[in-house]
Amino acid sequence: MASVSLTFPDGNAREYDAGVTAAQVAESISKSLAKKAISATVNGEHWDMQWPIDSDASIALHTMADDEQANELVRHDLAHIMARAVQEIWPDTKVTIGPVIKDGWYYDFDSKESFTPEDLSVIEKKMREIINKREPVRTEIWDRARAIAHYEANGEPYKVELIESIPGDEPLRMYWHGDWQDLCRGPHLQHTGQVPGDSFKLMSIAGAYWRGDSDRAMLQRIYGVAFTGKEKLKAHLNMLEEAAKRDHRKLGREMDLFHMQEEAPGQIFWHPNGWSIYTELQDYMRRKQRAAGYVEVNTPQVVDRKLWEASGHWDKYQEHMFIVEVDEEHAREKAINALKPMNCPCHVQIFNQGMKSYRDLPLRMAEFGSCSRYEPSGALHGIMRVRGFTQDDGHIFCREDQIEAECAAFITYLSSVYKDLGFDNFEIMFATRPEKRVGSEESWDHVENALENAIKVAGHPYTLDEGEGAFYGPKLDFKLTDAIGREWQCGTFQVDPNLPERLDATYVAEDGAKHRPYMLHRACLGSFERFIGILIENSAGKLPFWLAPRQVVVASIISDADDYVHEVVAALNAAGVRAEADIRNEKINYKVREHSVGKVPVILAVGAREVEERTLTVRRLGEKQTSVQGLDDVIAGLKVDATPPDLR
RNA sequence: GCUGCUGUAGCUCAGUGGUAGAGCGCGUCAUUGGUAAUGACGAGGUCGAGAGUUCAAUUCUCUCUAGCAGCACCA
């Protein structure tokens with residue numbers, strides 16, 4: 001019999017009969033390892049304990065201590081165990097797919113009856129029973145005809161469809177957890193008892209389209225989370241609780257920032273506190289973009305369809321547009337307009353006024369552009385996804401040879417803004433030419449190179465998103481990471497030769513002839529609405545002092561201090577600090593609690609001592625400790641805190 | 001838009017086929033207190049909108065609307 005040489009992580013090699021399984025290898029080392037082992041890595045591939053090894057290879061055996069492999073297996077086995085549990089409880093249920101995702105797994109089912117949240121604990125209980133049976137997991141390779149016949153006989157049409165979409169030469173692997181069987185690439189654990197029964201939880205039920213296609217059947221998806229130990233599950237559930245506490249919709253109410261109501265779905269009523277954040281942020285952005293060489297413009301909200309037809313939006317984007325029909329009493333013709341969903345066509349109109357010379361390029365045009373988009377109702381989410389929003393929009397009109405420098409400058413600008421706003425980490429996604437595209441290969445080469453070079457000059461790591469660019473040009477998307485590890489796509493940089501063409505934008509070059517400029521679409525925050533939502537959740541409502549709507553409350557302890565309170569408030573306001581007096585007839589404990597809940601960063605308490613000594617007792621949000629400081633020192637310090645980062 | 005769930009006082013939520021309750025908040029009064037809730041009293045609701053069933057609907061049914069979770073979209 002042929003033999004194979006297996007090399008272990010410590011560098012030692014051992015000979016085995018060809019076709020040896022990882023389980024047999026583990027057995028040859030020790031009984032306890034054979035029991036504890038969950039899988040192997042063979043030549044870099046995650047390997048089931050049952051799979052045979054036919055040629056020389058490197059091998060590493062895994063136990064539950066190897067988090068990466070253990071998580072994958074536990075979650076994947078739980079997907080199968082859950083599907084088995086569901087089919088045992090509701091035998092008519094048809095199974096589809098159940099992949100591992102971040103922190104857990106899901107499985108999609110087709111079932112006549114809809115699952116309820118109460119069903120989750122029933123399913124969980126059944127899953128634990130299956131785990132406790134410690135039934136073996138086994139696997140076989142089947143040919144297609146047998147597999148299809150099997151699933152047809154069992155009334156599992158989705159599995160049949162899946163098999164038919166798998167390339168013909170690929171072997172089909174079948175897995176059994178006890179008697180329950182599923183088509184699966186593997187690997188899996190050795191038996192169901194290897195799944196820790198106390199480290200998973202079914203989370204929710206939701207609809208999901210078969211194969212992610214909104215034209216196909218709606219299935220029922222059950223989500224679960226799972227880890228290798230119960231402490232890790234607990235930590236995860238705590239994190240979810242923390243995220244719920246930070247929810248901008250909850251904080252928006254508690255801090256009295258904004259509200260939304262039924263009469264204006266997807267649009268925001270900004271209250272004084274929220275609008276203070278908004279205008280502070282906008283003032284900051286205005287200074288930043290002016291410093292970056294932009295001119296600011298403003299364009300109309302209601303624009304005749306003719307312009308949208310010319311730009312192509314009428315054709316491609318109409319279902320997302322608010323159409324405004326004006327039927328004036330004596331008008332012969334009904335005017336049909338649309339609220340602008342984007343600012344770009346309007347910016348081209350400004351560019352097109354008068355003759356532009358190559359000397360005018362690059363022309364950087366910015367607008368805090370209010371856009372209205374009829375987003376699908378299910379897409380709306382607090383102030384993060386709305387129908388009326390304002391972009392920190394900008395368009396750079398330039399020549400092809402200016403793209404690289406403009407892109408590099410934008411990355412610098414964006415880094416500086418994100419850093420000022422408390423986000424040190426962001427990721428760049430570089431989306432390149434898609435299959436369906438316009439323009440010459442040569443021009444795509446140039447433009448893609450320009451973007452790639454710009455990223456390299458910035459020295460920033462990036463991820464290639466191949467084939468995901470627009471049909472007319474490549475783009476960069478900027479994703480920032482918040483305080484609890486969530487990612488948000490905010491900034492974008494897109495190269496567009498198409499719209500200048502459609503709207504006939506030209507400039508006169510050195511040769512005296514008219515040429516087509518490129519148009520670079522770019523946004524840094526994305527929209528003020530979404531970005532403020534992210535700021536709120538990132539800071540859990542404890543915004544940096546300069547952005548906080550209510551910066552200081554001066555609270556009296558006794559009414560004899562009222563005059564001094566007013567004096568301090570006036571002095572702070574004169575120094576550019578948003579301060580207010582709280583001279584209500586309440587105890588200081590009550591005032592401290594109320595303003596702490598309201599996320600006011602600084603509370604200045606004033607009693608007999610402070611009046612006497614002209615001092616203030618300073619308490620910062622989140623700190624138990626207070627300190628007594630002189631009036632002038634406090635004002636000077638807070639004046640600095642209240643200064644936006646770009647003005648310090 | 002699709003699947004499922006939800007809509008009761010400003011907020012968080014109980015509850016019922018015979019037109020409603022709690023806590024917090026709000027108002028009034030008393031209390032002048034030293035860093036996360038002083039006490040008493042009081043006001044406050046077309047029970048999301050419309051239709052149907054019923055002697056009677058906040059409760060049951062349907063339609064609409066808005067929100068929530070996910071999907072599909074996306075700044």
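## Exercises on the RNA surface, Met49 and a sheet

**Exercise 1.** Find which kind of atom of RNA strand B lies 3.2 Å from a polar side-chain atom of Ser527, then list other polar contacts to its bases, made by Tyr209 and Ala608.

*Solution.* The partner of Ser527 is a base nitrogen of RNA strand B, at 3.2 Å. A polar contact is a pair of N or O atoms within 3.5 Å. This is a predicted model, in which local features need pLDDT of at least 70 and side-chain atom pairs pLDDT 80 or more, while totals for chains, interfaces and linings use all residues. Residues are numbered from 1 along each chain as written, chains are lettered from A and ligands numbered from 1 in the order written, and side-chain values use heavy atoms, without hydrogens and water.

Next, Tyr209 places a side-chain N or O atom 2.4 Å from a base nitrogen of the RNA. Ala608 uses a backbone N or O atom instead, 3.1 Å from a base oxygen.

**Exercise 2.** Describe the protein surface near RNA strand B: which residues come nearest, and which element supplies the largest share?

*Solution.* Near means a heavy atom within 4 Å. Of 54 residues around the strand, Glu262, Ile557, Asn585, Arg593 and Glu610 come nearest. Sugar and phosphate make up 47% of the RNA atoms within 4 Å of the protein.

Helices (H or I, at least four residues) and strands (E, at least two) are DSSP runs numbered from the N terminus. Elements that supply at least two residues include β14 (200–209), β30 (518–527) and α19 (608–613). The largest share, seven residues, comes from α18.

**Exercise 3.** Decide whether Met49 is buried or exposed, and locate it.

*Solution.* Met49 sits in the loop between β5 (45–47) and β6 (52–53). Buried means under 20% relative accessible area, exposed over 50%, partly exposed in between (1.4 Å probe, protein chains only). Met49 has 1% relative accessibility, so it counts as buried. Its contacts (heavy atoms within 4.5 Å), leaving out residues up to four places away in sequence, include Thr21, Leu61 and Gln190.

**Exercise 4.** Give the strand order of the five-stranded open sheet and say why β32 and β35 are edges.

*Solution.* Strands pair if DSSP finds at least two bridges between them. The order is β32-β31-β33-β34-β35, with mixed pairing. β32 (579–582) and β35 (626–630) each have a single partner strand, so one side of each lacks a neighbour in the sheet. Four bridges join β31 (552–556) to β32, and these two run parallel. Val553 stands opposite Glu580 in β32.

Technical notes
Polar contact = N/O pair within 3.5 Å; in protein donor to acceptor, adjacent residues only side chain to side chain.
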